[in-house]
Amino acid sequence: MPLEEYKRKRRFDETPEPAGKVELKSGHRFVVQKHEATRLHYDFRLETEGVLKSWAVPKGPSLDPADKRLAMQVEDHPVSYFDFEGIIPENNYGAGTVMVWDIGTWEPLSPIAVQGKYHPGTDAEASAMLAKGDLKFRLHGKKLNGDFALVKLKGRRPGSKGNEWLLIKKNDEYAVKGYDIDEYDWSVLTRRSLAEIAGDAGTKEWKSSRPASGRGKLKAAWLADAVAKLDKKKALTAGKKKH
Ligand code: MN
């Protein structure tokens, strides 16, 4: 049962996450969720085989082919998780803030490149590549585009759970040298930043974990702006409640 682990870890009377089921038909969507849990990470999910195959990527995906991003495979998620954005309450599995960071479609690529280029493949090829631990695919997202590979690490290092993969951008016209994921902190569904989704608590945490470097200053200005907007909204709501 592909969603057994997903359901075992969650209490659906406490978390706003969907219970979900295995779908009979699979589309070819993908979602990347930015998730501020115990540690900030990005969840990379591909819709296939009736579920969302899922990897937790601590540093997030990159469009720079020089970045090989560690991606820990986690339990399959239901397809209805696709547009989940919000707050998982304290004391629940994965407690913290979730942003829909990118969405789009994906297509399987043929496992063998022809003259350095990959060409569209079949779902059967994708399933075989997934099972083998070397999946080639193309993304059509709002932030992520082009060809990627997810490659399972074979050598088991001490303390490894055997669920470690690398997410790697292939060299193509969508590659971006020196890609900085922090410049893309907005929800593709609601345009909100993670701090805006989290509200005050998340904002405080976020502030204290970032030193005031050159880039930090820029972010601080942006944060101040987000906080000001939030305060204004709260003041408005408070005002309305009085009437
Ligand atoms: Mn997560």
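Is H35 buried or exposed in this structure? In the predicted model, H35 has a relative accessibility of 8% and therefore counts as buried, since the limit for that class is under 20%. This histidine belongs to a metal site: the manganese ion is coordinated by H35 through ND1, by H41 through NE2 and by D43 through OD, at 2.1 to 2.3 Å. Along the chain, the donors of the manganese ion follow the spacing H-x5-H-x1-D. D43 is likewise assigned to the buried class, because its relative accessible area is 6%.

Charged side chains were examined next. Side chains of opposite charge can pair when their charged atoms come close. A search of the whole structure yields 16 salt bridges, and three of these pairs are described here.

One of the salt bridges links R10 with E17, with 3.1 Å between the closest N and O atoms. R10 counts as buried because its relative accessibility is 8%. E17 has a relative accessibility of 4%, so this residue is also placed in the buried class.

A further salt bridge is formed by the side chains of E23 and K21, at 3.7 Å from N to O. The relative accessible area of K21 is 52%, and this residue is therefore exposed, the threshold being over 50%. E23, by contrast, has a relative accessible area of 27%; this value lies between the limits for buried and exposed, so E23 is described as partly exposed.

The third pair consists of D185 and K34, whose closest N and O atoms are 2.7 Å apart. D185 is located in the loop between β9 (164-169) and α3 (194-198), whereas K34 is part of strand β1 (residues 29-36), so the salt bridge ties together parts that are 151 residues apart in sequence. With a relative accessibility of 13%, D185 counts as buried. K34 is buried as well, its relative accessible area being 5%.

Some salt bridges share partners, and in this way E5, K9, R10, E17 and E75 are joined into one network. The pair R10 and E17, described above with a separation of 3.1 Å between the closest N and O atoms, thus has both of its residues among the members of this network.

Note on methods
Residues are numbered from 1 along each chain as its sequence is written. This is a predicted model: local features need pLDDT of at least 70, side-chain atom pairs count only at pLDDT 80 or more; totals for chains, interfaces and linings use all residues. Side-chain values use heavy atoms; hydrogens and water are left out. Donors are N, O and S atoms within 2.8 Å of the metal (3.2 Å for Na, K and Ca); water is not among the atoms, so sites may look incomplete. Buried means under 20% relative accessible area, exposed over 50%, partly exposed in between (1.4 Å probe, protein chains only). A salt bridge is a side-chain nitrogen of Lys or Arg within 4 Å of a carboxyl oxygen of Asp or Glu. Helices (H or I, at least four residues) and strands (E, at least two) are DSSP runs, numbered from the N terminus.
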